[in-house]
Amino acid sequence: MDSHKNLGIWMDHSIANMIGDTDSTPRYNIESDIDHSQKMEAMDTSESLMQNKVQQLNEAFYKKIGEAILMYDHVLLFGPTNAKTELHNYLLKDLHFKDIAFDIEPADKMTDNEKFAYVKTHFEN
């Protein structure tokens, strides 16, 4: 069995499902502090203040995810939105993550079982 610690993260801008590649790995969620109405408000307004607020909340969300990622060697980021790419770009700025391998894959909405199977299959290959 591979000794590398692998983690899959299915995410959008509101939640990150943290999924290990074995049945014994605990699964948990990290939720963003941004709610849908704040996002819509930011999109509707050209106020840089609101957009900055959303940016700050996104960065706080990415920071929480980053803290959870630090103990892994290989991370799969997948999900339906560009949040996975934004997270990856955010983490690339931080040298703490330089030794972690990242894979980024587009994925639609999935059930929890589908997400686990996707992560497990990804790391088996």
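Which residues have the most contacts inside the largest nonpolar core? Here are some notes to read alongside the model, which is a predicted one; the core comes up at point 5.

1. **Overall make-up.** The chain has four helices and five strands. Followed along the sequence, these elements give the pattern β-β-β-α-α-β-α-β-α. Of its 125 residues, 42% count as buried. The accessible surface comes to about 7500 Å², and carbon and sulfur atoms hold 51% of that. If you like contact maps, take those contacts with a separation of 6 or more: 68% of them link residues 24 or more positions apart.

2. **The sheet.** The five strands form an open sheet in the order β3-β2-β1-β4-β5, and the pairing is mixed. At the edges stand β3 (28–31) and β5, each with a single partner strand, so each has one side without a neighbour in the sheet. From one strand to the next, the twist averages 20°. Helix α3 packs on this sheet and touches β1, β4 and β5, with its direction at about 160° to that of β5. Helix α4 (residues 112–124) lies across β1, β2, β4 and β5, and runs at about 140° to β4.

3. **The antiparallel side.** A hairpin of three residues leads from β1 to β2, and five bridges join these two antiparallel strands. Within that pairing, W10 has N17 of β2 as its bridge partner. On the next step across, β2 and β3 also run antiparallel, with four bridges between them; here N17 stands opposite N29 in β3. N17 is thus a handy residue to click on, since it is the bridge partner of W10 and also faces N29. Do look at the cover on β2 too: six of its six residues are buried. I15, N17 and I19 lie on one side, A16, M18 and G20 on the other, and both faces are covered.

4. **The parallel side.** Strand β1 (residues 6–11) is joined to β4 by five bridges, and the two run parallel. β4 in turn runs parallel to β5 (residues 101–106), with six bridges between them. L77 is a good place to see both pairings: it is the bridge partner of I9 and stands opposite I104 in β5. The connection from β4 to β5 goes by way of helix α3 (residues 83–92), and the three make a right-handed β-α-β unit. How many of the six residues of β4 are buried? Five are, so this strand (residues 74–79) is largely enclosed by the rest of the structure.

5. **The cores.** Back to the opening question: I9, M11, I65, I69 and V75 have the most contacts inside the largest nonpolar core, which has 20 residues. The elements that give two or more residues to this core are β1, β2 (15–20), α2 (48–69), β4 and α3. The largest share, five residues, comes from α2. Another core of nine residues lies apart from it, and W10, L76, V119 and F123 are among its members. I69 deserves a closer look: leaving out residues up to four places away in sequence, it touches L7, I9, V75, L87, L91, F97, I100 and F102. As general background, nonpolar side chains tend to be buried together in soluble globular proteins.

6. **Two charged residues to compare.** Is D21, in the loop between β2 and β3, buried or exposed? Its relative accessibility is 18%, and the cut-off for buried is under 20%, so D21 counts as buried. Beyond its neighbours up to four places away in sequence, D21 touches N6, F116, V119, K120 and F123. D21 and Y118 are 97 residues apart in sequence, yet their C-alpha atoms are 9.0 Å apart in space. K5 sits in the segment before β1 and is partly exposed, with a relative accessible area of 46%. Apart from neighbours within four places in sequence, K5 is in contact with M71, Y72, D73 and H74. From K5 to T25 there are 20 residues in sequence and 9.9 Å in space, C-alpha to C-alpha.

Note on methods:
Residues are numbered from 1 along each chain as its sequence is written. This is a predicted model: local features need pLDDT of at least 70, side-chain atom pairs count only at pLDDT 80 or more; totals for chains, interfaces and linings use all residues. Side-chain values use heavy atoms; hydrogens and water are left out. Buried means under 20% relative accessible area, exposed over 50%, partly exposed in between (1.4 Å probe, protein chains only). Two strands pair if DSSP finds at least two bridges between them. A crossover is right-handed if, with the strands pointing away from the viewer, the path from the first strand over the helix to the second runs clockwise. A nonpolar core is a set of buried Ala, Val, Leu, Ile, Met, Phe, Trp, Tyr and Cys residues joined through side-chain atoms within 4.5 Å. Contact means heavy atoms within 4.5 Å. Accessible areas come from the Shrake-Rupley method with a 1.4 Å probe; for residues, only the protein chains shown count as cover. Axes are lines fitted to C-alpha atoms, for helices over the stretch in contact, and angles run from 0 to 180 degrees between N-to-C directions.
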